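Colleague: I should like to go through this model with you, one point at a time. Please give the reasoning behind each reply.

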Amino acid sequence: MRLPQFKNPKGEPAHKEPDGSDWALSAWCNAVCGELGEAANLIKKIERGDFTLEESREALGKEFADIATYLDILAMRAGIDLGEAIVGKFNEVSERVGSSVRIAALPGGALVAGHARAADEEIERFNRTYDANAARRHQYDESETKHGPAPAAPLKQQ
């Protein structure tokens, strides 16, 4: 992780440990709450008319990104894969309330939402594409090793 690269307002390193273990879980949780407070403050100002949502969308998106970043670090420090936890909890609630909407994690952590069958189909499509691209890369690597660099084959649209 790059946490030791971050500086506090005094210009000093914000973290001594690359995994953030120099902060207690409560400190990471406070960081999440602080960012939530910043987003809530911006939303308050939008709702009372100081700014429009259109004017504030980029700033609000940055606050949400800060929230997600700190939440992910907090989860990591607690030994929790946040992506897996989100998928599991979302699908648990969907099942409990009788909804067919599910989410699934793709390799690399991307989440896919949809009806259970549609999500499964999207994962299968991703896996087929991933496997085909991996095979193409392998062929290219072998060809380059034997014959030098070759022009890349165009990808077929699906």
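Colleague: Which backbone nitrogen does the side chain of Ser 99 reach, and at what distance?

Modeller: This is a predicted model, and Ser 99 lies in the loop that runs between helix H3 (82-97) and strand S1 (101-105). Its relative accessible area is 24%, so Ser 99 is partly exposed. From that loop, the Ser 99 side chain reaches the backbone nitrogen of Val 101 at 3.1 Å.

Colleague: Which residue caps the N-terminal end of H3, and how far is its side-chain oxygen from the backbone nitrogen concerned?

Modeller: The backbone nitrogen concerned belongs to Gly 83. The cap is supplied by a side-chain oxygen of Asp 81, at a distance of 3.0 Å.

Colleague: What span should H3 have, and how far apart are its end C-alpha atoms?

Modeller: H3 has 16 residues, and at 1.5 Å a residue these should span 22 Å. This agrees with the model, because the end C-alpha atoms are 22 Å apart. Just after the helix, Gly 98 adopts a positive phi of about 80°.

Colleague: Within what arc do the buried residues of H3 fall?

Modeller: Leu 82, Val 87, Asn 91 and Ser 94 are the buried residues of H3. Viewed down the helix axis they line one face, whereas Glu 84 and Arg 96 are exposed on the other side. The arc that holds the buried residues is 155°.

Colleague: Which residues form the aromatic cluster?

Modeller: Two aromatic pairs are counted. Trp 23 and Trp 28 form a tilted pair, with 4.3 Å from centre to centre and 45° between the planes. The rings of Trp 28 and Tyr 70 have centres 5.9 Å apart and planes at 45°, so this pair is tilted as well. The cluster therefore consists of Trp 23, Trp 28 and Tyr 70.

Colleague: Is Trp 28 buried or exposed?

Modeller: Trp 28 belongs to helix H1 and its partner Tyr 70 to helix H2 (residues 53-77), 42 residues apart, so that the pair links distant parts of the chain. Tyr 70 counts as partly exposed at 25% relative accessibility, and Trp 23 does at 27%. Trp 28 has 0% relative accessibility and therefore counts as buried.

Colleague: Which element has the lowest mean pLDDT?

Modeller: The protein averages a pLDDT of 80, and 65% of the residues score at least 70. Over residues 150-158 pLDDT stays under 50. Where pLDDT is low, the predicted coordinates should not be read in detail. Helix H1 (residues 25-47) has the highest mean among the elements, 97, and the lowest, 61, is that of helix H4 (residues 116-147).

Technical notes: Residues numbered from 1 in each chain as written. Heavy atoms only, no water. Helix = DSSP H or I, 4+ residues; strand = E, 2+ residues; numbered from the N terminus. Buried < 20%, exposed > 50% of the residue type's maximum accessible area, 1.4 Å probe, protein only. Polar contact = N/O pair within 3.5 Å; in protein donor to acceptor, adjacent residues only side chain to side chain. pLDDT = per-residue confidence, 0-100. Contact = heavy atoms within 4.5 Å. Phe/Tyr/Trp six-rings, centres within 6.5 Å; stacked < 30°, edge-to-face > 60°. Expected span 1.5 Å × (residues − 1). Arc of directions from axis to C-beta.
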